[in-house]
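Trainee: I'd like to go through this model and ask you to justify the labels on it. Can we take them one at a time?
Mentor: Sure, pull it up and fire away.

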Amino acid sequence: CRSVMTSICDLPEDVLVELLSMLPAHDLICACRLVCTQWRYVVDLTTLWKRKCQREGFHTQSLDRSISDWKIFYMLCSLKRNLIKNPSAEESFRHWKLDNNEGDRWRIEELPGPLGREMPDPKVHKYFVTSFGLCLKSQLITLKNEGYWNELMDEKRPEIVIKDWYAARFDCGCRYEITVRLLSEDYIVLEEFHPEPVVIEQWSDAMWREVSHTFHNYPAGVRYIWFQHGGQDTQFWAGWYGIRVTNSSITIGPWTL
C-alpha cells in the first residue's frame, strides 16, 4: 500500500514553494524560516521570491537578467509608495513644517486657481501657493519608520526618486526653489539636490512643470531624507501671486523599475 504523508514537511519542494509564496513576507522571514532547516532553505530560495513577485505583479520577463536578489527586489517593490505625506494639500498643512512663512504667508487654493491651469494629473485638486515674502516648507522622512532598514539602504542603495510640480499664475512673475538632502544618523548631509532657483517671468503660460531627480550610488549611512520647496512672487504684490507647488513625491525602489 502507498505511504501516507504525515506532515506538510513531506511535500515536494516545488509544492512548498508554491504554498509558502502565498504568505506575507514578514511571516516568511520571522516565523516560517524558523520552523526547520528545510523551511529555512525553501524560504531562502530565489524561486520563492520570484514567485511572490509574479503573484503580486512586480515581475516582467524583461527584468529577469537584471535582478540579482529577488528577495530584496520583492521587498523594495512592496514598500514602494510616496513617502511625502499630504503632497497635494488635501489635509491643509498637516505633516509640513513651515520654515519660512513671510508676506501674506502660505495659502491653499483649488485648481486651476486664479489665472492658472489644470494639473496634468486629474487626481490632484489643490495646491500650496506662496506670497510676496519667502515661503518655504519641508518634511523630514525617517527611513526606518517607513520600513527601510539600515542594511538595506547601506548595502543595496536603492534608487531615491524625487518629483515636484510647480507653476506660476499668468499675471505675476515668481521664483521656485527646491532642496533635497540625504542625511546620516547625525543629520550630516551625505548628498544634496539643490538646483538653481527657477525664475518665471510675468505673462508666462502658467503651465504646470515637473522637476525630478534620482539619487544613485549615494554614500552608505543614509537614515533621513529632508525635502524642502517653495519660493515667492518677484513683484512683491500683496496676496498670493507667488509660485504654486503640489503633487510632491519621494519614492524608493529597485533601479530596474
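Trainee: What makes Val15, Leu19 and Met22 a nonpolar patch on the surface?
Mentor: Bear in mind that this is a predicted model. The patch rule takes nonpolar side chains within 5 Å of each other, each with over 30% relative accessible area and no salt bridge. Val15, Leu19 and Met22 form such a patch, with about 250 Å² of accessible area together. Val15 itself sits in helix α1, residues 13-20.

Trainee: Why is Val15 called partly exposed?
Mentor: Its relative accessibility is 33%. Buried means under 20% and exposed means over 50%, so at 33% Val15 counts as partly exposed.

Trainee: How do you know whether strand β10 is enclosed or open?
Mentor: Count its buried residues. In β10, residues 224-233, ten of the ten are buried, so the strand is largely enclosed by the rest of the structure.

Trainee: Which strands are joined to β10 by bridges?
Mentor: Strand β4, residues 135-142, is joined to β10 by eight bridges, and strand β6, residues 174-183, by ten. Pairing takes at least two bridges, so eight bridges make β4 and β10 a pair, and ten do that for β6 and β10. β4 and β10 run antiparallel, and β6 and β10 run antiparallel as well. For concrete contacts, Lys137 has His229 in β10 as its bridge partner, while Leu182 has Ile225 in β10.

Trainee: What does the record say about residues 73-254?
Mentor: UniProt lists them as "domain: FBA", in an unreviewed entry. In the model, the end C-alpha atoms of that span lie 6 Å apart, and the span is 8% helix and 41% strand.

Trainee: How many disulfides are there by the distance rule?
Mentor: Zero. Take Cys77: the nearest cysteine sulfur, in Cys53, is 5.8 Å away. A disulfide needs two sulfurs within 2.5 Å, so Cys77 is in no disulfide.

Trainee: Why is Cys135 not bonded to Cys174?
Mentor: The sulfur of Cys174 is the closest cysteine sulfur to that of Cys135, but it is 12 Å off, too far for a bond.

Trainee: Are those two cysteines, Cys77 and Cys135, buried or exposed?
Mentor: Cys77 has a relative accessible area of 8%, so it is buried. Cys135 has 0%, so it is buried too.

Trainee: What is the peptide bond from Leu111 to Pro112 called?
Mentor: It's cis, because omega is near 0 degrees. Pro112 lies in the loop between β2 (107-110) and β3 (126-129). As background, most peptide bonds are trans.

Trainee: What makes phi of Ser92 worth flagging?
Mentor: The value is near 55 degrees, which is positive in a residue other than glycine. Most residues other than glycine have a negative phi. Ser92 is in the loop between α5 (70-79) and β1 (97-101), and at 42% relative accessibility it counts as partly exposed.

Trainee: Where is Trp203, and what is its phi?
Mentor: Trp203 is in the loop between β8 (198-200) and β9 (209-215), with phi near 65 degrees, again positive. Its relative accessibility is 54%, so Trp203 counts as exposed.

Trainee: Why is the contact between Asp99 and Lys97 called a salt bridge?
Mentor: The N to O distance is 4.0 Å. The rule asks for a Lys or Arg nitrogen within 4 Å of an Asp or Glu carboxyl oxygen, so this pair qualifies. Asp99, at 27%, is partly exposed, whereas Lys97, at 56%, is exposed. By this rule the count comes to 16 salt bridges.

Trainee: What makes the bridge between Asp154 and Arg223 a link between distant parts of the chain?
Mentor: The closest N and O atoms are 2.8 Å apart, yet the residues are 69 apart along the chain: Asp154 in helix α6 (residues 150-156), Arg223 in the loop between β9 and β10. Arg223 is buried at 13%, while Asp154 is partly exposed at 22%.

Key
Residues numbered from 1 in each chain as written. Predicted model: local features only at pLDDT ≥ 70, side-chain atom pairs only at ≥ 80, totals over all residues. Heavy atoms only, no water. Patch = residues over 30% accessible without salt bridge, like charges linked within 9 Å, V, L, I, M, F, W, Y side chains within 5 Å. Areas by Shrake-Rupley, 256 points an atom, 1.4 Å probe, with all protein chains shown as cover. Salt bridge = Lys/Arg side-chain N within 4 Å of Asp/Glu carboxyl O. Helix = DSSP H or I, 4+ residues; strand = E, 2+ residues; numbered from the N terminus. Buried < 20%, exposed > 50% of the residue type's maximum accessible area, 1.4 Å probe, protein only. UniProt positions renumbered as here; feature names shortened; annotations may be inferred.
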